[in-house]
Amino acid sequence: MDWVSEREEKIKEEGSKEYFKIVEGENKIQLLSHCAPQPLKWSGTKYEPAEEGDQNISIKGVCWVLQDGTIKLAQLPYTVVKAIKALMEDPDYAFDEFPMPRLIKINAKGAGTKEVEYSVIPSPKEIAVSKDVLDELAKKPSPEEMVEKMKGKVSQRKSDGIEYPTEDVNPEDVPF
């Protein structure tokens, strides 16, 4: 079983305690950190680590979010990251530091399918993140460190025929 499948199983078993997973309908979160790019490929049924030369690469944004008072690791789809980037530049919602000063609603239609459609709607009201949450967040690895950990887990699975690419993604190519 690859790490993506293991992650999905863990989410099901733990009721999404540690991981944020977009579900059908409305998903409210507050973005706590920037997003680090993580290249994945679509296998036809799930996302798997990308290998050098793969086609159909999808970039996910690995970050920390706050959902229902709990800090969770998220892998946000590229379209959601682009929408958040647009909010960062919108004069009505602009922000340049994390945590994001407001909640966002990610509406998903067709969640769990390759054809999923997302819309991102910011809350008009700013919400401060509590000191307790900020203190807990400070103990968490950075998004880049989480991507590296995920790469390490994949590298350990060479016997399964899965190997993560060694070249880096150019951050200039990713809009966050």
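In the predicted model, D135 and K131 lie four residues apart in helix α3 (residues 131-138), and are therefore separated by about one helical turn. The two residues form a salt bridge in which the closest N and O atoms are 2.9 Å apart. D135 is partly exposed, with a relative accessible area of 35%, whereas K131, at 58% relative accessibility, counts as exposed because its value is over 50%.

A search of the whole structure finds five salt bridges, the pair in α3 being one of them. Another joins K85 to E89, with 3.4 Å between the closest N and O atoms. Both of these residues belong to helix α2, where a spacing of four residues corresponds to about one turn. K85 is partly exposed at 28% relative accessibility, and E89 is exposed at 57%. A further salt bridge is formed by the side chains of R102 and E126, at an N to O distance of 3.3 Å. This pair links distant parts of the chain, since R102 is in strand β7 and E126 is in strand β8 (residues 117-126), 24 residues apart. The two partners also fall on opposite sides of the accessibility scale: R102 is buried, with a relative accessible area of 4%, while E126 is exposed at 53%.

R102 is also among the residues touched by Q30, a member of strand β2 (residues 25-31). At 3% relative accessibility, Q30 counts as buried, because the value is under 20%. The side chain of Q30 has a polar atom 2.7 Å from the backbone oxygen of M100, and it reaches the backbone oxygen of I127 at 3.0 Å. Beyond four places in sequence, the contacts of Q30 comprise W64, V65, L66, M100, P101, R102, L103, I127 and V129.

The largest nonpolar core has 20 residues, and those with the most contacts inside it are F20, L31, L76, I84, I104 and I106. Two or more residues are contributed by each of β2, β5 (57-67), β6 (70-77), α2 (78-89) and β7 (102-109). Helix α2 gives the most, with four residues. With neighbours within four places in sequence left aside, L31 is in contact with C63, W64, V65, L76, I84, F98, P99 and M100. Another core, of 14 residues, lies apart from the largest one and includes V62, L137, M146 and V147.

F98, listed among the contacts of L31, also takes part in the one aromatic pair that the structure holds. Its partner is F95, and the arrangement is edge-to-face, with 5.6 Å centre to centre and 85 degrees between the planes. F95 is buried at 9% relative accessibility, whereas F98 is partly exposed, with a relative accessible area of 31%.

At the level of the whole chain, the secondary structure comes to four helices and eight strands. Along the sequence, these elements follow the pattern α-β-β-β-β-β-β-α-β-β-α-α. Of the 176 residues, 41% count as buried. Among the contacts with a separation of 6 or more, 63% are accounted for by residues 24 or more positions apart. The chain exposes about 10000 Å², of which carbon and sulfur atoms supply 47%.

How values were computed. Residues numbered from 1 in each chain as written. Predicted model: local features only at pLDDT ≥ 70, side-chain atom pairs only at ≥ 80, totals over all residues. Heavy atoms only, no water. Buried < 20%, exposed > 50% of the residue type's maximum accessible area, 1.4 Å probe, protein only. Polar contact = N/O pair within 3.5 Å; in protein donor to acceptor, adjacent residues only side chain to side chain. Contact = heavy atoms within 4.5 Å. Core = buried A, V, L, I, M, F, W, Y, C linked by side-chain atoms within 4.5 Å. Phe/Tyr/Trp six-rings, centres within 6.5 Å; stacked < 30°, edge-to-face > 60°. Areas by Shrake-Rupley, 256 points an atom, 1.4 Å probe, with all protein chains shown as cover. Salt bridge = Lys/Arg side-chain N within 4 Å of Asp/Glu carboxyl O.
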